[in-house]
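Trainee: Could we go through this one together? I'd like to know where the words come from.

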Amino acid sequence: MSSRNNVHVVRRGPQWGALREGGERASGLFDTQAQAIDAARQMARQGQGELLIHGENGRIRARDSYGNDPCPPKDKA
């Protein structure tokens with residue numbers, strides 16, 4: 001399911017970028033992945049989307065949902 005509210009943290013040359021799904025340009029470029037994650041998390045919360053964090057190899061290594069999650073966890077802890 002593709003959503004414009006989803007935000008990806010991806011490698012952009014020597015920097016890390018926060019990129020909205022379907023976009024070509026990063027909304028911001030950062031020196032560290034942690035800085036990019038903070039910015040992307042805020043974007044995902046505002047858009048009630050999903051945050052997808054990519055590793056150095058480009059594969060998704062973590063994700064967080066900030067909107068209406070169609071598959072909520074079964075444990076309510």
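Mentor: Sure. Let's start with contact, which means heavy atoms within 4.5 Å. This is a predicted model, where local features need pLDDT of at least 70 and side-chain atom pairs count only at pLDDT 80 or more, while totals for chains, interfaces and linings use all residues. Residues are numbered from 1 along each chain as its sequence is written, and side-chain values use heavy atoms, leaving out hydrogens and water.

Trainee: Which residues is histidine 54 in contact with, leaving aside its neighbours within four places in sequence?

Mentor: His8, Val9, Val10, Trp16, Gln33, Arg59, Ile60 and Arg61.

Trainee: Why is histidine 54 called buried?

Mentor: Buried means under 20% relative accessible area, exposed over 50%, partly exposed in between (1.4 Å probe, protein chains only). Histidine 54 has 11%, so buried is the word.

Trainee: What makes the link between the histidine 54 side chain and glycine 58 a polar contact?

Mentor: A polar contact is a pair of N or O atoms within 3.5 Å; within protein, one must be able to donate a hydrogen and the other to accept it, and residues adjacent in sequence count only if both atoms are side-chain atoms. Here the side chain reaches the backbone oxygen of glycine 58 at 2.9 Å, so the distance fits the cut-off.

Trainee: How do you know that β1 and β2 pair?

Mentor: Two strands pair if DSSP finds at least two bridges between them. Six bridges join β1 (residues 7-12) to β2 (residues 15-20), so they pair, and they run antiparallel. Histidine 8, for one, has leucine 19 in β2 as its bridge partner.

Trainee: And what makes something a strand?

Mentor: Strands (E, at least two residues) and helices (H or I, at least four) are DSSP runs, numbered from the N terminus. Histidine 54 sits in strand β4, residues 50-54.
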